[in-house]
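Reader: I am new to this structure and would like to understand the words used for it. Could you take me through them?
Author: Gladly; here it is.

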Amino acid sequence: MLREKIIQDLIKRKKSMEISTDNISKISGVSIATVKRTFSGKKTSLESIEKIATSLGYSFEIAIKPSLTPKMMYEQQLQKKADNIVKKILKTSALEDQSPDNETVQIIMANAIQAIKQIPKSEIWA
C-alpha cells in the first residue's frame with residue numbers, strides 16, 4: 001500500500017515536471033528498464049525507488065515506529081496462549097457436562113498465565 005502511494009506520487013511529479021523516462025534514468029542512475037518497471041507499478045527495489053524519487057526532487061525517508069512495546073507484545077502473547085489453554089479446558093468440561101463458573105475460569109486463566117511465564121521467552125512466540 002505504501003509502495004503504491006509512493007509510485008502514484010512519483011507519477012504525478014513526473015507528469016508535472018514533464019520529464020521523460022530517459023531523463024529520469026540518466027539523472028537517477030537507474031536503468032531505463034527499471035524506471036519503466038517502477039512507473040508501471042511492478043516490483044522495484046527500495047534503493048531504485050529512492051534514486052528515482054531523489055531525481056524528481058523528493059527526499060526519501062521510510063520510518064517504522066513500534067505501536068507496542070516488547071513487554072506489551074509479550075503480555076498479549078501470554079494472554080493468547082492462556083486463552084487457548086482455557087478454551088480447550090472449557091471444551092473438555094462442556095463435553096463432560098461440567099462447565100466451571102466464571103470465578104473458576106478466571107482462576108484457571110491466572111494459573112495458565114503463571115505456567116506460561118515459566119516457558120523461556122524465546123519459545124512463547126511459537
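**How the terms fit this model**

Author: Welcome! In this predicted model, 27% of the 126 residues of the protein chain count as buried.

Reader: What makes a residue of the protein chain count as buried?
Author: A residue is called buried because its relative accessible area is under 20%. That label fits 27% of the protein chain.

Reader: Why is the protein chain called more spread out than a compact globule?
Author: Let's start with its make-up: 6 helices and 0 strands, in the order α-α-α-α-α-α. For 126 residues the globule rule gives 14 Å, but the radius of gyration is 27 Å, well over that value, so the chain is more spread out than a compact globule. Its C-alpha atoms fill a box of roughly 75 × 30 × 20 Å along the principal axes.

Reader: How do you know that arginine 13 lies over the face of tyrosine 58?
Author: A charge has to be within 6 Å of the ring centre and within 35 degrees of the ring normal. Arginine 13 is at 4.3 Å from the ring centre of tyrosine 58 and lies over its face, so it earns the name. Likewise, the charged end of lysine 121 sits over the ring of tyrosine 74, at 4.7 Å from the centre.

Reader: Which helix gives the largest share of the lining of the largest pocket?
Author: That is helix α1 (residues 2–17), with 5 residues. The lining includes Leu2, Lys5 and Tyr58, and it divides into 7 nonpolar, 1 polar and 3 charged residues. The space in this pocket is about 200 Å³.

Methods
Residues numbered from 1 in each chain as written. Predicted model: local features only at pLDDT ≥ 70, side-chain atom pairs only at ≥ 80, totals over all residues. Heavy atoms only, no water. 1 Å grid on protein atoms, 1.4 Å probe; cavity = no way out; pocket = protein on both sides within 12 Å on 5 of 7 lines; lining within 4 Å. Points joined across faces, edges and corners; volume = space filled by probe spheres on them. Helix = DSSP H or I, 4+ residues; strand = E, 2+ residues; numbered from the N terminus. Nonpolar A, V, L, I, M, F, W, Y, C, P; charged D, E, K, R; others polar. Rg over C-alpha atoms; globule rule 2.2 N^0.38 Å. Buried < 20%, exposed > 50% of the residue type's maximum accessible area, 1.4 Å probe, protein only.
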